[in-house]
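Dear colleague,

Please find below the structure that I am handing over to you. My findings follow directly after it, with the criteria behind each term stated where the term is introduced.

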Amino acid sequence: INHRNVVRLLGCCLEVEVPMLVYEFIPNGTLFHLVHDNRDAPLSLETRLRIAQESAEALEYLHLCTNHSIVHGAVKSMNILLDENFMAKVTDFGASRILPKDAVQLMTLVQGTLGYLDPEYLQERKLTEKSDVYSFGVVLLELITRKTAIYFDGPGEGKSLATSFIQAMKENKV
């Protein structure tokens, strides 16, 4: 994998008991931290949309630009890092699967973070490129609203950002 918006794997350290992968250093932390922990820091809509575009280009590359489709399986703002120029770098391929084009991977165990999980994947355990696209949609909503995937609007249980958005669309309140 070689794309400017995917964290580069530099090598592997085999000189320790448990081998370790060595990646390029990305100094500015996660998109989650930038959007949610720095509420006072100005983050223009233009910057947020650029980060979204760069992340989308990385996912497009994973899905379309190799002989097989690479399904990330864990797209979320915590897995998008920001380099010294705040360029997006998609990372954490622990849940990824390499699939033939347009194939479905039936998973025995659902992996992922609540709020980002594609309902079809969650219910039927079918992991596809569409699962990544759904999760990326939640990241887009985070970038636009600056709310977390599961958020609290006061006392009570958390709300799903995706579900709240769908409800707002139905009520013409977006």
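Contact, as used throughout this message, means heavy atoms within 4.5 Å. Helices (H or I, at least four residues) and strands (E, at least two) are DSSP runs, numbered from the N terminus. The model is a predicted one, in which local features need pLDDT of at least 70 and side-chain atom pairs count only at pLDDT 80 or more, while totals for chains, interfaces and linings use all residues. Residues are numbered from 1 along each chain as its sequence is written, and side-chain values use heavy atoms, with hydrogens and water left out.

Overall architecture

The protein chain contains five helices and ten strands. Its radius of gyration (taken over C-alpha atoms) is 17 Å, close to the 16 Å that the globule rule (2.2 Å times the number of residues to the power 0.38) gives for 174 residues, so the chain is as compact as a globular protein of that length. The C-alpha trace spans about 55 × 40 × 30 Å along its principal axes. Among contacts with a separation of 6 or more, 57% are between residues 24 or more positions apart. The accessible surface of the chain (Shrake-Rupley method, 1.4 Å probe; for residues, only the protein chains shown count as cover) comes to about 10,500 Å², and carbon and sulfur atoms hold 56% of that surface. Of the 174 residues, 39% are buried, a term that denotes under 20% relative accessible area, with exposed meaning over 50% and partly exposed in between (1.4 Å probe, protein chains only).

Nonpolar cores

A nonpolar core is a set of buried Ala, Val, Leu, Ile, Met, Phe, Trp, Tyr and Cys residues joined through side-chain atoms within 4.5 Å. The largest has 21 residues, of which Leu31, Leu34, Ile51, Phe136, Val139 and Leu143 touch the most other members. Two or more residues of this core come from each of helix H1 (31-37), helix H2 (45-64), strand E4 (80-82) and H4. H2 supplies the largest share, five residues. There is also a second, separate core of five residues, including Val71, Leu99, Leu117 and Tyr121. Beyond its neighbours within four places in sequence, leucine 34 is in contact with Leu43, Ile51, Leu82, Phe86 and Arg146.

Helices H2 and H4

H2 has 20 residues and reaches 28 Å from its first C-alpha to its last, close to the expected 28 Å; the expected span of a helix is 1.5 Å times one less than its number of residues. Its buried residues include Arg48, Glu54 and His63 alongside Ile51, Leu59 and Leu62. The buried residues of H2 pack against H1, strand E3 (69-71), E4, strand E5 (88-90) and H4.

Helix H4 (residues 129-145) has 17 residues and reaches 25 Å, close to the 24 Å expected. Among its buried residues are Glu129, Asp132, Phe136, Val139 and Leu143. At the start of H4, a side-chain oxygen of threonine 128 comes to within 3.1 Å of the backbone nitrogen of lysine 130. This is a polar contact, that is, a pair of N or O atoms within 3.5 Å; within protein, one must be able to donate a hydrogen and the other to accept it, and residues adjacent in sequence count only if both atoms are side-chain atoms.

Just after H4, arginine 146 takes a positive phi of about 60°, although it is not a glycine. Arginine 146 lies in the loop between H4 and strand E9 (150-151) and counts as buried because its relative accessibility is 13%.

Individual residues

Asparagine 5 lies in the segment before strand E1 (9-13) and is buried, with a relative accessible area of 0%. Its side chain reaches the backbone oxygen of alanine 88 at 2.9 Å. Apart from neighbours within four places in sequence, asparagine 5 is in contact with Glu54, Glu57, Ala58, Met87, Ala88, Lys89 and Val90.

The loop between E5 and strand E6 (97-99) holds threonine 91, which counts as buried at 14% relative accessibility. Outside the four nearest places in sequence, threonine 91 is in contact with Val7, His72, Asn79 and Leu81. Aspartate 92, in the loop between E5 and E6, has a positive phi of about 65° although it is not a glycine. At 38% relative accessibility, aspartate 92 counts as partly exposed.

With kind regards
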